Amino acid sequence: MQNAAIVTLLSALAGPLLIAHSVCAAPAGAARVAVFGHVDKDTVEIYTLSNAHGIEARIMTYGASIVSLKTPDRDGHLQNIVLGFDTLDPYLAGVPYYGATVGRYANRIAQARFALDGATYSLVANDGPNSLHGGPRGFDKRVWKADATASRNSLKLTYVSAAGEEGYPGQLTAHVTYRLLEDDSLIIEYEATTTAPTPVNLTNHAYFNLSGDPTRSILEHKLTINADRFTPVDATLIPTGELRAVAGTPFDFRNEAVIGARIDADDAQLKVGRGYDHNWVLNAAQGNVLRFAALLADPVSGRVLEVRTTQPGLQFYSGNFMNGKQAGAGSVYGYRTGLCLETQHFPDSPNQPAFPSTILRPGETYVQKTVLHFRPLKAPAN
Ligand code: BGC
């Protein structure tokens, strides 16, 4: 029987089923797709990328967000290592940035304003006096358009942010491409162009818990950060402008350290952050070159995550504001049960001329890349 005839026969037998199937159909070889929910008239799709080792990333078009990411522990047991939700509702109810692509400007802009080419732009303050993560309706709360035709391992998402949206100048066309490779890495590539000069800073806000058990805190995870300096902050978490040496402080992760070991130390910076919520100045961050940023290891599950990036900074956020109560999601995800490693430009760069520039101009293309590599911890030598 011809394919067309089979389809006709099947649709006669199972009309509604096939209608649902046609929404979910993906070209041969492309990533699997299903409907995850709706936002007004927009359908939110969820795509599944997988590789031959069973690593599986589920990414939805709302916020171009990583919903789940399964990787093997040291015994090959697959578990989800990012915090997320099974339905769209908690995301729509406003859980904070779980797995999301954050923009137009990730992290904070002081006093929710900046000057550019002689004009002053006002943003909406949504974090005390500051703008956080693109404003009240940043890129994490938009439905992106997906193109998964390339292969079963890659997904390109596009969002066109109108000129003036959330106060930012210029129409910005942003792309995020996720690629899951057979070498067990998830590549996240960002690209953007604009019709007028604008600040741009895109990142991913996955909360990692490598144990695969989101009731366990992340304090036993071990972390290495390739940075000699960090950017200390004021009481509202805006950088003071200083690039401070990490040597001799609880911010020194140049050698692997247990996250919980110094998090409650008597340190003024840890007090303002209520733990770690700071930007590290990555070493050798000259130009757009991919280099080692961080290594996270969980001794219990034996999972290791290595982060490489082209970005100059890394925000390590130790889940200090998590409290087990998430809007619309019931009691889940307690204090410090997830941590973020947000590769980014430095916070408040539009107001800090000494920081690497985040201004994108018409004719230029913003390009950044972050690589997450998953591997088992080597068993200790006997
Ligand atoms: C920020 C935190 C904030 C969190 C919200 C992080 O990127 O640095 O201060 O509370 O995002 O999830």
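The ligand in this predicted model is surrounded by Pro96, Tyr97, Arg108, His133, His205, Tyr207, Asp277, Gln315, Tyr317, Phe321 and Glu342, where a residue counts as near if one of its heavy atoms lies within 4 Å of the ligand. This shell divides into 5 nonpolar, 3 polar and 3 charged residues (Ala, Val, Leu, Ile, Met, Phe, Trp, Tyr, Cys and Pro are taken as nonpolar, Asp, Glu, Lys and Arg as charged, and the others, Gly among them, as polar). Local features need pLDDT of at least 70 and side-chain atom pairs count only at pLDDT 80 or more, while totals for chains, interfaces and linings use all residues. Residues are numbered from 1 along each chain as its sequence is written, and side-chain values use heavy atoms, with hydrogens and water left out.

Three side chains can be followed to oxygen atoms of the ligand. A polar side-chain atom of Arg108 lies 2.7 Å from a ligand oxygen; for His133, the distance from a side-chain N or O atom to a ligand oxygen is 2.9 Å, and for His205 it is 2.8 Å. Such polar contacts are pairs of N or O atoms within 3.5 Å. Taken alone, the ligand exposes 310 Å², of which the protein buries 94% (Shrake-Rupley method, 1.4 Å probe).

The ligand also sits in the largest pocket, meaning that more than half of its atoms lie within 2 Å of the pocket's grid points. A pocket here is an open set of points on a 1 Å grid over the protein atoms alone, with protein on both sides within 12 Å along at least five of seven lines.

Turning to the strands (DSSP runs of E, at least two residues, numbered from the N terminus), E1 (residues 32-39) and E2 (residues 42-50) pair in the antiparallel sense over 7 bridges; pairing requires at least two DSSP bridges. Within this pair, Gly37 stands opposite Val44 in E2. The hairpin of E1 and E2 has 2 residues between the strands, and Asp40 in the turn has a positive phi of about 50°. E2 is also joined to E3 (residues 56-60), antiparallel, by 5 bridges, with Ile46 opposite Met60 in E3.

Elsewhere, an open sheet of 5 strands has the order E19-E18-E21-E24-E27, with antiparallel pairing. Its edge strands, E19 (244-245) and E27 (340-344), each pair on one side only. Within the sheet, 5 bridges join E21 (residues 277-282) to E24 (residues 313-317), and Asn279 stands opposite Gln315 in E24. Gln315 is also one of the residues surrounding the ligand.

Key
A polar contact is a pair of N or O atoms within 3.5 Å; within protein, one must be able to donate a hydrogen and the other to accept it, and residues adjacent in sequence count only if both atoms are side-chain atoms. On a 1 Å grid over the protein atoms alone, a cavity is a set of points where a 1.4 Å probe fits but cannot get out, and a pocket is an open set with protein on both sides within 12 Å along at least five of seven lines; lining residues have an atom within 4 Å of a point. Helices (H or I, at least four residues) and strands (E, at least two) are DSSP runs, numbered from the N terminus.
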